[in-house]
Amino acid sequence: HIDIMDGKFVNNQTEKLFNLNKISSLTNLKYDIHMMVEEPLEKIDEYIKYEPEIISIHIEKNSNLIDCIRKIKSYNINVGVAINPDTNISELYDILELIDLVLIMSVHPGKGGQKFINETIDKVKDINNKKNKNNFIISVDGGVNDTNSKDLINSGADILVSGSYLVKSDNLNNSIKSLLIH
């Protein structure tokens, strides 16, 4: 999971931080690119060339959402749509049949180490109820740790994105296991 920030959608700027050519030479793992950028349509091509497994774009500040989805799909790359904590989950209902992943932000995007927003669990339950008609994965990003991971998984989350909790861990393997035991 690589966070790409343009300094406009969020205050931080990471577009030049990650050398994806170098990362590609060190792993065969597929990327999960999370684009926290305003109007991502023009920037998608920069990341398509790395053949990521998925590219997620935000529903907010994106006037070309459907065009972005189509463009990413045209390269046979899975599409995720991310939603900020202050955005109502119902904003996604009309596009669920077009996407492969719903990325629910459980903190305000742009800065690591934030406290998990508990209302996220209700969002996960809500969107999980829409899975009957659609085939998508639910991912949760931000503030994920061993105190909320069980509730997220039990509510329907398929993927947990945990940064600070794992980076600050003294025992990475135990911390990863603690996220998954429920």
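1. Is leucine 172 buried, partly exposed or exposed? Leucine 172 is partly exposed, at a relative accessible area of 44%. This comes from a predicted model. The residue sits in helix α7, which spans residues 172-180. Together with Ile176 and Leu180, Leu172 makes a nonpolar surface patch of about 260 Å².

2. Next, the buried side of α7. Ser175, Ser178 and Leu179 are the buried residues of this helix. Around the axis they cover an arc of only 100 degrees, so they sit on the same side of α7. Their packing partners are α5 (149-155), β7 (159-161) and α6 (164-167). The face turned away from that buried side carries the exposed residues Asn173 and Leu180.

3. Serine 178 deserves a separate entry. It belongs to helix α7. Its relative accessible area is 18%, and the cut-off for buried is under 20%, so serine 178 counts as buried. Leaving aside residues up to four places away in sequence, serine 178 touches Asp146, Ser149, Lys150 and Tyr165. Threonine 147 is 31 residues from serine 178 in sequence, yet their C-alpha atoms are 9.0 Å apart.

4. Now helix α3 (residues 65-74). Its buried residues are Leu65, Cys68, Ile69 and Ile72. Seen down the axis, they fall within an arc of 100 degrees, so they line one face of the helix. The cover over these buried residues includes α2, β3 and β4 (78-83). Arg70 and Ser74 are exposed, on the face of α3 turned away from the buried side. After α3 comes asparagine 76, with a positive phi near 55 degrees.

5. On aromatic pairs, the count is 1. The ring centres of tyrosine 31 and tyrosine 50 are 6.4 Å apart and the planes stand at 75 degrees, so the pair is edge-to-face. It links distant parts of the chain, 19 residues apart. Tyrosine 31 lies in the loop between α1 (20-26) and β2 (32-36), and tyrosine 50 in the loop between α2 (44-48) and β3 (54-58). Tyrosine 31 is buried at 6% relative accessible area. Tyrosine 50 also counts as buried, at 19%.

6. Salt bridges: the structure holds 4. One of them joins the side chains of glutamate 38 and lysine 61, at 3.6 Å from N to O. Glutamate 38 is in the loop between β2 and α2, lysine 61 in the loop between β3 and α3, and 23 residues separate them. Glutamate 38 is partly exposed, with a relative accessible area of 30%. Lysine 61 is partly exposed as well, at 45%.

7. A further bridge brings together the side chains of aspartate 100 and lysine 73, at 2.8 Å from N to O. Aspartate 100 lies in the loop between β4 and β5 (101-105) and lysine 73 in helix α3, so the pair ties together parts 27 residues apart in sequence. The two ends differ in burial class: aspartate 100 is buried at 19%, whereas lysine 73 is partly exposed at 32%.

8. Lysine 131 and aspartate 158 also form a salt bridge, with their closest N and O atoms 2.7 Å apart. Lysine 131 is in the loop between α4 (120-128) and β6 (137-141), aspartate 158 in the loop between α5 and β7, 27 residues apart. Lysine 131 is partly exposed, at 21% relative accessible area. Aspartate 158 is partly exposed at 44%.

Definitions and conventions:
Residues numbered from 1 in each chain as written. Predicted model: local features only at pLDDT ≥ 70, side-chain atom pairs only at ≥ 80, totals over all residues. Heavy atoms only, no water. Patch = residues over 30% accessible without salt bridge, like charges linked within 9 Å, V, L, I, M, F, W, Y side chains within 5 Å. Areas by Shrake-Rupley, 256 points an atom, 1.4 Å probe, with all protein chains shown as cover. Helix = DSSP H or I, 4+ residues; strand = E, 2+ residues; numbered from the N terminus. Buried < 20%, exposed > 50% of the residue type's maximum accessible area, 1.4 Å probe, protein only. Arc of directions from axis to C-beta. Contact = heavy atoms within 4.5 Å. Phe/Tyr/Trp six-rings, centres within 6.5 Å; stacked < 30°, edge-to-face > 60°.
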